[in-house]
Amino acid sequence: QEGDFRNGKGWGGVVGPFYGSMTFQGIIPYYYDYLHPDTALELNRCIYNQMCDNPRDQRTIDDVVHGKCRTGELDCEDCRSR
C-alpha cells in the first residue's frame, strides 16, 4: 500500500495541513470524505478520538465554560469533565 500525504497540503493534497493531519486526525477524514464519500457515521467525540479540547468557542475561566458549542448545538458535553 502507498500513502498520498503531500507536505504542506495533507492527505491527497486536500486534507490538511492542521495539527495532527499526518496522523489519525487527518487520514480518517481523507478516507471518508474523499475515498469513500457518504459512508461516514458521526461518533460521540467524548468517547472516540477524545482530545480533551474545549467544546466551546471561548476560553474556560476558573472552571466556568463560556461561548457557543463548536458543534452548533445549544448544549454540548464537555469531555474534560468525564
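**Close-up views of a predicted model**

**View 1. The largest pocket and its lining.** In this predicted model, 24 residues line the largest pocket, and those nearest its centre are E42, L43, R45, Y48 and N49. If you are wondering about the space itself, the largest pocket has a volume of about 940 Å³. Which classes of residue make up its lining? There are 13 nonpolar residues, joined by seven charged and four polar ones. A general word on how such spaces come to light: rolling a probe the size of a water molecule over the atoms shows where empty space is left.

**View 2. A nonpolar patch on the surface.** Here we turn to the outside of the model, where seven side chains can be picked out by name: V14, F24, I28, Y31, Y32, Y34 and L35 form a nonpolar patch. Together they offer about 640 Å² of accessible area. To find your way around, start at F24, a member of this patch that is found in helix α1, which covers residues 24-35.

**View 3. The salt bridge between D4 and R6.** How many salt bridges does a search of the whole structure find? The answer is three, and this view shows the one in which the side chains of D4 and R6 meet, at 3.1 Å from N to O. D4 is partly exposed, with a relative accessible area of 30%. R6 is partly exposed too, at 40%. As background, side chains of opposite charge can pair when their charged atoms come close.

**View 4. The salt bridge between R56 and D75.** The side chains of R56 and D75 meet here, with 3.9 Å from N to O. Both R56 and D75 lie in the segment after α1, so the pair ties together parts that are 19 residues apart in sequence. Is each partner buried or exposed? R56 counts as buried, because its relative accessibility is 13% and the cut-off for buried is under 20%. D75, on the other hand, is exposed, with a relative accessible area of 63%.

**View 5. The salt bridge between R80 and D78.** In this last view, the side chains of R80 and D78 form a salt bridge, 2.8 Å from N to O. Take a look at the surroundings of each partner. R80 counts as partly exposed, at 36% relative accessibility, whereas D78 counts as buried, at 18%.

Methods. Residues are numbered from 1 along each chain as its sequence is written. This is a predicted model: local features need pLDDT of at least 70, side-chain atom pairs count only at pLDDT 80 or more; totals for chains, interfaces and linings use all residues. Side-chain values use heavy atoms; hydrogens and water are left out. Patches are made of residues with over 30% relative accessible area and no salt bridge: like charges are joined within 9 Å, nonpolar side chains (Val, Leu, Ile, Met, Phe, Trp, Tyr) within 5 Å. Accessible areas come from the Shrake-Rupley method with a 1.4 Å probe; for residues, only the protein chains shown count as cover. A salt bridge is a side-chain nitrogen of Lys or Arg within 4 Å of a carboxyl oxygen of Asp or Glu. Helices (H or I, at least four residues) and strands (E, at least two) are DSSP runs, numbered from the N terminus. On a 1 Å grid over the protein atoms alone, a cavity is a set of points where a 1.4 Å probe fits but cannot get out, and a pocket is an open set with protein on both sides within 12 Å along at least five of seven lines; lining residues have an atom within 4 Å of a point. Grid points are joined across faces, edges and corners, and a volume is the space filled by probe spheres set on the points. Ala, Val, Leu, Ile, Met, Phe, Trp, Tyr, Cys and Pro count as nonpolar, Asp, Glu, Lys and Arg as charged, and the others, Gly among them, as polar. Buried means under 20% relative accessible area, exposed over 50%, partly exposed in between (1.4 Å probe, protein chains only).
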